[in-house]
Amino acid sequence: MSKFKAVVFDWAGTVVDFGSFAPMGVFVKAFAEFGITATIEQARGPMGAAKWDHIQTMMAMDDIAAQWEAKFGNPPGDADVDNVYEVFVPMNEKVAADYADLVP
């Protein structure tokens, strides 16, 4: 019999944070830092995507793209995704422990 050296899980929704509440709320808060109103439903839509891709998908949503263009004078691009991502990552790291209870 061989021994395992490690086991890796996709933690969000598998082992902890059923419903992925930690990142979902942070997506909303990260967009708010830029004066953009995003809903929980919009944040939930791309769940499962890599975080940068998730933000890019949200920015392509009609409502969010329109808000961005009205506020900044141009449609959101990759540099804007980078900027939101840079705000998102530390915010997400701060709240991750708050949603770390094991899924029964």
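On the other side of helix H5 from its buried residues, Asp62 and Ala70 are exposed, where exposed means a relative accessible area over 50%, buried means under 20%, and partly exposed lies in between (1.4 Å probe, protein chains only). The buried residues of H5 are Ile64, Ala65 and Trp68; seen down the helix axis, these buried residues fall within an arc of 100 degrees, so they line one face of the helix, the arc being that of the directions from the helix axis to the C-beta atoms. Just after H5, glycine 73 takes a positive phi of about 85 degrees.

The structure is a predicted model, in which local features need pLDDT of at least 70 and side-chain atom pairs count only at pLDDT 80 or more, whereas totals for chains, interfaces and linings use all residues. Residues are numbered from 1 along each chain as its sequence is written, and side-chain values use heavy atoms, with hydrogens and water left out.

**Overall architecture**

The chain has six helices and zero strands, and reads α-α-α-α-α-α along the sequence; helices (H or I, at least four residues) and strands (E, at least two) are DSSP runs, numbered from the N terminus. Of the 104 residues in the chain, 29% are buried. The chain exposes about 6700 Å², of which carbon and sulfur atoms supply 57%, with accessible areas taken from the Shrake-Rupley method with a 1.4 Å probe, and only the protein chains shown counting as cover for residues. Among contacts between residues at least 6 apart in sequence, 63% join residues at least 24 apart, a contact being heavy atoms within 4.5 Å.

**The nonpolar core**

A nonpolar core is a set of buried Ala, Val, Leu, Ile, Met, Phe, Trp, Tyr and Cys residues joined through side-chain atoms within 4.5 Å. The largest such core has 19 residues, of which Phe31, Ile55, Met58, Met59 and Val84 touch the most other members. Helices H2 (21–32), H4 (51–59), H5 (62–72) and H6 (78–96) each supply at least two residues of this core, and H2 gives the most, with six residues. In soluble globular proteins, nonpolar side chains tend to be buried together.

Within H4, the buried residues are His54, Ile55, Met58 and Met59; viewed down the axis of H4, its buried residues fall within an arc of 135 degrees, so they line one face of the helix. Leaving aside neighbours within four places in sequence, methionine 59 is in contact with Phe31, Ile64, Ala65, Trp68, Pro76, Asp80, Val81 and Val84. Histidine 54, also in helix H4, counts as buried because its relative accessibility is 1%, and, with neighbours within four places in sequence again left aside, histidine 54 is in contact with Phe27, Ala43, Pro46, Met47 and Ala49.

**Aromatic pairs**

Rings of Phe, Tyr and Trp (its six-membered ring) pair if their centres lie within 6.5 Å, and planes under 30 degrees apart count as stacked, over 60 as edge-to-face and the rest as tilted. By this rule the count comes to three aromatic pairs, and two of these are set out below.

| Pair | Centre to centre | Angle between planes | Class |
|---|---|---|---|
| Phe27 and Phe88 | 4.4 Å | 15 degrees | stacked |
| Phe34 and Trp68 | 5.7 Å | 40 degrees | tilted |

Phenylalanine 27 lies in helix H2 and phenylalanine 88 in helix H6, so their pair ties together parts that are 61 residues apart in sequence; both of these residues are buried. The pair of phenylalanine 34, in the loop between H2 and H3, and tryptophan 68, in helix H5, links parts of the chain that are 34 residues apart, and both phenylalanine 34 and tryptophan 68 are buried.

Ring pairs further link Phe34, Trp68 and Phe72 into a cluster. Phenylalanine 72 lies in helix H5 and is partly exposed, with a relative accessible area of 38%. Phenylalanine 72 and phenylalanine 34 are 38 residues apart in sequence and 9.6 Å apart in space, C-alpha to C-alpha; not counting neighbours within four places in sequence, phenylalanine 72 is in contact with Phe34 and Ile36.

**Glutamine 42**

Glutamine 42 lies in helix H3 (residues 40–44) and counts as buried, at 13% relative accessibility. A polar atom of the glutamine 42 side chain lies 2.8 Å from the backbone nitrogen of threonine 39. Not counting residues up to four places away in sequence, glutamine 42 touches Thr37, Met58, Met61, Asp63 and Ile64.

Note on methods:
Polar contact = N/O pair within 3.5 Å; in protein donor to acceptor, adjacent residues only side chain to side chain.
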